[in-house]
Amino acid sequence: MSQVISRRELIELGLAGVAAATATSVSASPARASDGAVGFAVVGLGKLSLGQILPAFRTCRNARLAALVSGHRDKALRLAAEHNLSEGAVYSYEEFDRIAHNPEIEAVYIVLPNFMHAEYSVRAFKAGKHVLCEKPMATSVADAEKMIAAARAAERKLMIAYRCHYEPHNLEAMRRVRSGRYGRPRLVVTDMVRQSDPSDPSDAWRLDMAKSGGGALADMGIYGINGARYLVGEEPVEVRAWANTNRSDPRFRTVEDLVAWQFRFPSGAIANGSTSFATGGAMKWDMFCANARLRGDPGCYYSGNRLEIFSHPDQGEVKLPDIDQFAREMDWMADVVRGRAPLVSPGEEGLQDMRLIKAILDSVARGGPAVRTDWGYKRAYDPAAVVPVV
Ligand code: NAD
């Protein structure tokens, strides 16, 4: 398990900004910084960018929108006008490498289909920019490794957009589990499921193995994979998985549908995870410790998440504010770029999930045998230790 870092240690690490935030708590609706904000180019103007990311810039403290990259010039120009950007801040994919010459852009937020993450991350690093990349970081372990190598070669930061690492209910659950108040972590159960619609272009690529890297598992299941790891605070040493996929359903020609997996952690804790693109929706987890049950249902939505405690004198709902998770994540990246915050969700954290997705799919392909995953990955930072709850 990662160590909890004290404020003194953060200051010694030169991360005084985090220490200050830990001491005072970051406000859920912070005031906008007047200068020094890190300029982001958003690459890909699909559902997530339009619905969440572009609106989130309005509440960011340290991050600001500096450019848009899109294949649809009319849409990009309209959005640029809405966000007070000039025409010169709009780039096509073909023109992307020209961002190297725009000093307003310090970081690039990759919000493209998964199979394009590696290419655009590498190109961004070659252009001298930092990269915030959506999950899953890539469609293969090899591409994830390529992205990490490119970040190192360019001496730039690579952060994977694991928004639950910055979300109050998940952070508070981690913090309570780590405190030992509820006894030993024993079992996590996560279900990350929804119906998919192949006529929606945003789902069409998710249902294509080459473009998504794993269907529901790479899209939704990754929240359970990552969540089990941050709730238990350990890395799995063994994985077993099974799938139930109706191949006559045209959605599942190349990807699995219902996947259930089991992680065994070094302490003996177990995680049971499931994911599907053909059931009613949920993004929820239950964490069973020796003396309590913690429940996040919903646990990983954009808003409206809940944290409840059962079987313990703390029984009841833990009331925490809803924050704009995307604003907080971009502000965190901006602080990383400025050297004020630790890189809590680096490329290596994304690579760990890519390797676990591969282990799950390897076990599925062979009918459920155990696959060893004790390759020695250790988180650099426990989110619970360095990210304030609110
Ligand atoms: P989307 O399909 O709605 O948007 C993708 C954009 O990429 C579209 O604007 C599309 O036009 C563009 N594009 C460019 N070239 C393309 C190509 N060859 N094929 C298909 N599209 C192409 O997808 P989205 O839901 O916005 O997801 C984008 C990324 O964000 C994915 O990696 C996804 O996993 C991630 N995501 C994360 C969260 C989260 O909560 N963190 C939520 C949703 C999506």
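**Exercise 1. Work out how covered strand β2 is and which strands it pairs with.**

Solution. Start with burial: 6 of the 7 residues of strand β2 (residues 63-69) are buried, so the strand is mostly covered, where buried means under 20% relative accessible area, exposed over 50% and partly exposed in between (1.4 Å probe, protein chains only). Strands here are DSSP runs of E with at least two residues, helices are runs of H or I with at least four, and both are numbered from the N terminus.

A word on the model: it is predicted, so local features need pLDDT of at least 70 and side-chain atom pairs count only at pLDDT 80 or more, while totals for chains, interfaces and linings use all residues. Residues are numbered from 1 along each chain as its sequence is written, and side-chain values use heavy atoms, leaving out hydrogens and water.

Next, look at the partners. Two strands pair if DSSP finds at least two bridges between them. Strand β1 (residues 38-43) pairs with β2 in the parallel sense over 6 bridges, and Val43 has Val69 in β2 as its bridge partner. To get from β1 to β2, the chain passes through helix α3 (residues 47-56) in a right-handed β-α-β crossover. Right-handed means that, with the strands pointing away from the viewer, the path from the first strand over the helix to the second runs clockwise.

Then turn to strand β3 (residues 90-91), which is parallel to β2 with 2 bridges; Leu68 stands opposite Val90 in β3. Helix α4 (residues 73-82) carries the chain from β2 to β3, and this β-α-β crossover is right-handed.

**Exercise 2. Find the neighbours of strand β10 and the direction of each.**

Solution. First locate strand β10 at residues 270-276, where 5 of its 7 residues are buried. Strand β7 (residues 185-195) runs parallel to β10, joined by 7 bridges; here Val189 is partnered with Asn272. Strand β9 (residues 258-264) runs antiparallel to β10, with 6 bridges, and Phe263 stands opposite Ala271.

Finally, follow the turn: β9 and β10 form a hairpin with 5 residues between them, and Gly268 in that turn has a positive phi of about 100 degrees.

**Exercise 3. Check the span of helix α12 against its number of residues.**

Solution. The expected span is 1.5 Å times one less than the number of residues. Helix α12 (residues 347-365) has 19 residues, so it should span 27 Å; its end C-alpha atoms are 27 Å apart, which agrees. Of those 19 residues, 14 are buried. After the helix comes Gly367, with a positive phi near 85 degrees.
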